[in-house]
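User: I am new to this structure and would like to know what the terms used for it rest on. Please set each value against its definition.

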Amino acid sequence: MSQFDVTIIGSGPGGYVAAIRCAQLGFKTAIIEKYSTLGGTCLNVGCIPSKALLASSHHYEELQHFADHGIEVSGDVKVNLEKMIARKQAVVDQTSGGVKYLMDKNKVTVFEGVGSFESATSVKITKNDGSSEVIESKNIIIATGSKPSSLPFIKLDKDRIITSTEALKLKEVPKHLVIIGGGVIGIELGQVYLRLGAQVSVVEFMDRIIPGMDASLSKELTKVLKKQGMKFYTSHKVQSVDRAGDVVTVKAENAKGEIITLEGDYSLVSVGRRPYTDALNADKAGVKVTERGQIEVNDHLQTSASNIYAIGDVVRGAMLAHKAEEEGVMVAEILAGQKPHIDYNLIPGVVYTWPEVAAVGKTEEQLKAEGIEFKAGSFPFKALGRARAGGDTDGFVKILADAKTDEVLGVHMIGARCADLIAEAVTAMEFRASAEDISRMSHAHPTFAEAIKEAALAATGNRALHV
Ligand SMILES: Cc1cc2nc3c(=O)[nH]c(=O)nc-3n(C[C@H](O)[C@H](O)[C@H](O)COP(=O)(O)OP(=O)(O)OC[C@H]3O[C@@H](n4cnc5c(N)ncnc54)[C@H](O)[C@@H]3O)c2cc1C
């Protein structure tokens, strides 16, 4: 029977990064993945394919504004969805192949099959053809991720009533896509099809879209997306989703108790994701699962079985690839006797719409709820030379700093390139910078990053220079 120091179940960003770090630290490492491609949700049906389609559809949308730049395009400009989806798949295949290369390079043994516990130190791997083998491992990391969740009364037929997975490989641009759930995934995929010509309606139970983020970001994103043509039904509770032929009918109740009816040809159900532990046999290893279906872990990501750890979407916290990666590194280093630490407050969140939305730290709503006194400074992109030069003037940067100490407590931004700009805020906050520290750093001109400096100036005595 094969013996390993560490075995990881699941090859998403949590699992494969944990495997690399374990191998770097000298552990004999194995990884088990039930699918034939490595990389998990993120690489196969999540981050990478959605960003590929966002990029392609953004190019198409930008083309409509070429005339503003004095570029005349003659002839038909058409979307070839089949080709766009094929390109996305090529990006996915290349990225997944890259993970396989990294496993080989780091001498990580890859097993294809479903991993299930036989005991706290042995895992059975069942292959597609039904054959199986059992391996022994001193330590095991559960990194089995998550799957799309739904509402109990919705029958997902995966054809016209679909999840994000199917939305990444549609064969036609919907005429009317009704999205249930205005979170990050719904809004990103909604913008893809909006750009490609679909009518897009978003039904959201809460009173705003991207409800976990600072309310100001949600307000600005709603404004911009409305301008682009997306329709919103916030504070609407979906009652039913039915299909008759090619027509999908969504009924929802608004705050006044009235029922609205939306008819579309596709409905994307994006109401969140559930931790995935099916087939794992966690109880055989003495691993506790919480009522919400997550693997229970302590601050060291250790489960109720002391040699078994769990990371990523299958445990508490934000369901984000980079959070899973940090946890993978942390567990590997704990196993090597090191003392790593993750500051969960400083895991940034990003929405890859255009304009992009990004945030780190506390929102205004959280600071108010926690009774922390703060000051806020904002700077609009329309006042920025670089934004005007590029024609990307929507959005702003907002910095929240402690009223007494000036320490930066939260940075919230919406605008061009914010997905990358947020790294400056994370760096500053990791080093516990004050708003004044940021305001005194030289930022190259003209750049979008100057908005961060200006917002820091605004937060420290209303000193913004260009408004
Ligand atoms: C459409 C979409 C877009 C997203 N975009 C972003 C984004 O832009 N940025 C971001 O940070 N996050 C994004 N996410 C979220 C991100 O994909 C997840 O947070 C991330 O993949 C979680 O990583 P993980 O390693 O915990 O699990 P996963 O990536 O879910 O990987 C788990 C793996 O475990 C395997 N597995 C499960 N059970 C077993 C078993 N018993 N035996 C063997 N293998 C098993 C699964 O097949 C899977 O490959 C997106 C998600 C979706 C759906």
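**Surface patches**

Analyst: Ile71, Val73 and Val77 make up a nonpolar patch on the surface, with about 220 Å² of accessible area together. This is a predicted model, where local features need pLDDT of at least 70, side-chain atom pairs count only at pLDDT 80 or more, and totals for chains, interfaces and linings use all residues. Residues are numbered from 1 along each chain as its sequence is written, and side-chain values use heavy atoms, with hydrogens and water left out.

User: What makes Ile71, Val73 and Val77 a nonpolar patch?

Analyst: A patch takes residues with over 30% relative accessible area and no salt bridge, joining nonpolar side chains (Val, Leu, Ile, Met, Phe, Trp, Tyr) within 5 Å and like charges within 9 Å. Ile71 has a relative accessible area of 40%, and Ile and Val are among the nonpolar side chains of the definition. The areas come from the Shrake-Rupley method with a 1.4 Å probe, and for residues only the protein chains shown count as cover.

User: Why is Ile71 called partly exposed, and where does Ile71 lie?

Analyst: Buried means under 20% relative accessible area, exposed over 50%, and partly exposed in between (1.4 Å probe, protein chains only). Ile71, at 40%, therefore counts as partly exposed. Ile71 belongs to the loop between helix H3 (47-63) and helix H4 (81-105). Helices (H or I, at least four residues) and strands (E, at least two) are DSSP runs, numbered from the N terminus.

User: What makes the patch of Glu325, Glu326, Asp343 and Glu430 negative?

Analyst: Asp and Glu count as negative and Lys and Arg as positive, while His and the chain ends are not counted. Glu325, Glu326, Asp343 and Glu430 are Asp or Glu residues, so the patch is negative. Within this patch, Glu325 is located in helix H8.

**Salt bridges**

User: How do you know that Glu172 and Arg160 form a salt bridge?

Analyst: The term asks for a side-chain nitrogen of Lys or Arg within 4 Å of a carboxyl oxygen of Asp or Glu. For Glu172 and Arg160 the N to O distance is 3.4 Å, so the pair meets the definition. The pair links distant parts of the chain, 12 residues apart: Glu172 sits in the loop between helix H5 (164-167) and strand S9 (176-180), and Arg160 in the loop between strand S7 (146-148) and strand S8 (161-162). Side chains of opposite charge can pair when their charged atoms come close. The structure holds 22 salt bridges.

User: Are Glu172 and Arg160 buried, partly exposed or exposed?

Analyst: Glu172 is partly exposed, since its relative accessibility is 31%. Arg160 is buried, since its value is 10%.

User: What makes Lys323 and Glu327 a salt bridge?

Analyst: Their N to O distance is 3.1 Å, which the definition accepts, so the name applies. Both residues, Lys323 and Glu327, lie in helix H8 (residues 321-335), 4 residues apart, about one turn of the helix. Lys323 and Glu327 are both buried.

User: Why is Glu364 called buried and Lys368 exposed?

Analyst: Glu364 has a relative accessible area of 17%, so it is buried. Lys368 reaches 56%, so it is exposed. Asp214, Glu364, Lys368 and Lys398 are joined into one network by salt bridges that share partners. In the bridge between Glu364 and Lys368 the N to O distance is 3.4 Å.

**Annotations and backbone**

User: How do you know that His445 is an active site?

Analyst: The label comes from UniProt, in an unreviewed entry. UniProt positions are given in the numbering used here, feature names are shortened, and annotations may be inferred rather than shown by experiment. His445 is exposed, because its relative accessibility is 61%. His445 belongs to the loop between helix H12 (435-439) and helix H13 (450-459).

User: Which peptide bonds are cis at Pro446 and Pro355?

Analyst: The bond from His445 to Pro446 is cis, with omega near -5°. A cis bond also joins Trp354 and Pro355, where omega is about 5°.

User: What is the phi of Lys158, and is Lys158 buried or exposed?

Analyst: Lys158 has a positive phi of about 60° although it is not a glycine. Lys158 is exposed, because its relative accessible area is 52%.

Methods:
Charge placed at Lys NZ, Arg CZ, Asp CG, Glu CD.
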